[in-house]
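Visitor: I'm new to reading protein models. Could you walk me through this one, a question at a time?

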Amino acid sequence: MPLDPFSSVFTAAQIVGLAERRANNPGLHLTSAGIAPTDVTSMMDAPAYAELQMILDQLALTENFTFTRTAIDFYITARINALPTTYWRIGFSDPAWLVSTDDSTERSRIMFLDQQAFHARFEDTITGRPTVAFINRGNGTIIVDPAPDQTYVMEIHCYPWQAALVTPASTPWFPYSEYLVEALLCKLYMTADDSRGQAALANREMLMKKIKRSLGDERDHASSRLTLDPQFYRTPMEL
């Protein structure tokens with residue numbers, strides 16, 4: 001049986017229900033009309049679900065979790081190309097490769113530059129196989145140089161934007177349910193000026209530190225020093 005460490009992720013309804021019980025504050029899952037939500041619109045009218053969605057959005061905006069990293073293929077047909085709609089932020093190691101449509105084994109790495117460096121080397125009249133790129137997140141485009149002499153496939157390694165909860169039965173993209181319960185408790189306590197808020201805040205921060213340490217196998221969230229057991233690795237490594 002394959003190992004699935006995230007097979008017991010709570011649904012949004014389970015997270016909200018558990019936070020309500022721990023806070024001893026029932027009714028926060030209800031809308032302003034006093035009914036249980038059933039869709040995105042009504043969920044955003046229910047305090048607990050609205051707060052849970054804000055927690056998830058904040059995590060997606062500010063953190064790079066290795067388990068969300070993915071590769072997306074799309075066509076490069078001109079100097080300026082639209083980014084995939086699911087793209088959010090570039091990955092840090094081997095961020096993109098260019099693949100020829102004529103020969104799929106011919107792969108070359110794309111180097112990303114900031115706007116100033118990119119435009120300093122910009123050559124408007126030259127075409128060929130693109131070697132550098134600049135991402136304009138403001139309008140959702142990627143600009144390559146030189147301009148492509150044919151259609152290429154770009155494989156971009158990135159952190160995708162995470163879809164919002166659709167119904168209370170939706171499973172959040174962030175698989176650490178205990179953290180979400182504690183983060184939601186923290187929000188609910190702070191809103192109500194409850195003295196339990198500081199304890200919930202400390203517990204939330206502790207849980208996030210443990211999560212990041214568990215993801216320390218990649219530089220994005222590696223601890224400052226990680227030594228591998230010499231019984232299993234001939235030379236201990238520092239990440």
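Visitor: Leaving aside its neighbours within four places in sequence, which residues is V144 in contact with?

Guide: This is a predicted model, so keep in mind that we're reading a prediction. V144 is found in strand β9. Skipping the neighbours within four places in sequence, its contacts are I76, A78, R79, N81, F118, P130, V132, A133 and M154.

Visitor: Is V144 buried or exposed?

Guide: Look at the relative accessibility of V144, which comes to 0%. The cut-off for buried is under 20%. With 0%, V144 therefore counts as buried.

Visitor: How far apart are the C-alpha atoms of V144 and R129?

Guide: Along the chain, V144 and R129 are 15 residues apart. In space, their C-alpha atoms are separated by 9.4 Å.

Visitor: Which strands form the open sheet with mixed pairing, and in what order?

Guide: Let's start from the edges, β2 (80-82) and β6 (111-112), each of which pairs on one side only. β2 runs antiparallel to β9 (residues 141-145), with three bridges joining them, and N81 stands opposite I142 in β9. The sheet has four strands, and their order is β2-β9-β8-β6.

Visitor: Which residue is joined to P146 by a cis peptide bond?

Guide: P146 sits in the loop between β9 and β10 (147-148). The bond in question has an omega of about -5 degrees and is cis. The residue it joins to P146 is D145.

Visitor: How many residues of strand β11 are buried?

Guide: Try one face of β11 at a time. On one side you have Y152, M154, I156, C158 and P160, and on the other V153, E155, H157 and Y159, with all of them buried. In a regular strand, side chains alternate between the two faces of the sheet, so it makes sense to check both. For β11 (residues 152-160), which is largely enclosed by the rest of the structure, the count is nine of the nine.

Visitor: Over how many bridges do β1 and β11 pair?

Guide: β1 covers residues 70-76 and pairs with β11 in the antiparallel sense. One of the partnerships to look for is I76 with Y152. Over the whole pairing of β1 and β11, the number of bridges is seven.

Visitor: Which residue in β11 is the bridge partner of S100?

Guide: Strand β4 (residues 96-100) and β11 run antiparallel, and five bridges join them. Find S100 and look across to β11: the partner is Y152.

Visitor: And what is the bridge partner of Y87 in β11?

Guide: Here we move to strand β3 (residues 87-90), which runs antiparallel to β11 and is joined to it by three bridges. The β11 partner of Y87 is P160.

Visitor: What volume does the largest cavity have?

Guide: Rolling a probe the size of a water molecule over the atoms shows where empty space is left. In this model the count comes to one cavity of 30 Å³ or more. Its lining is made of L59, A60, E63, F65, T68, W88, Y159, P160, Q162 and W173, and α3 (47-62) and β11 each supply at least two of the lining residues. The volume of the largest cavity is about 60 Å³.

Visitor: How many residues in the lining of the largest cavity are nonpolar?

Guide: Sort the lining residues by class. Two are polar and one is charged, while the number of nonpolar residues is seven.

Visitor: Which strand gives the most to the lining of the largest pocket?

Guide: The largest pocket has a volume of about 170 Å³. Of its 11 lining residues, Y87, I90, G91, F112 and I135 lie nearest its centre. With four residues, the strand that gives the most to the lining is β3.

Visitor: Is D193 buried or exposed?

Guide: D193 is found in the loop between α5 (177-191) and α6 (197-214), and its phi is near 55 degrees, a positive value in a residue other than glycine. Exposed means over 50% relative accessible area. D193 has 71%, so it counts as exposed.

Visitor: Where is the pLDDT below 50?

Guide: The chain has a mean pLDDT of 85, and 85% of its residues reach 70 or more. One stretch falls below 50, and beyond near neighbours in sequence it has 33 contacts in the model. That stretch is residues 218-239.

Definitions and conventions
Residues numbered from 1 in each chain as written. Predicted model: local features only at pLDDT ≥ 70, side-chain atom pairs only at ≥ 80, totals over all residues. Heavy atoms only, no water. Buried < 20%, exposed > 50% of the residue type's maximum accessible area, 1.4 Å probe, protein only. Pairing = 2+ DSSP bridges. 1 Å grid on protein atoms, 1.4 Å probe; cavity = no way out; pocket = protein on both sides within 12 Å on 5 of 7 lines; lining within 4 Å. Points joined across faces, edges and corners; volume = space filled by probe spheres on them. Nonpolar A, V, L, I, M, F, W, Y, C, P; charged D, E, K, R; others polar. pLDDT = per-residue confidence, 0-100. Contact = heavy atoms within 4.5 Å.
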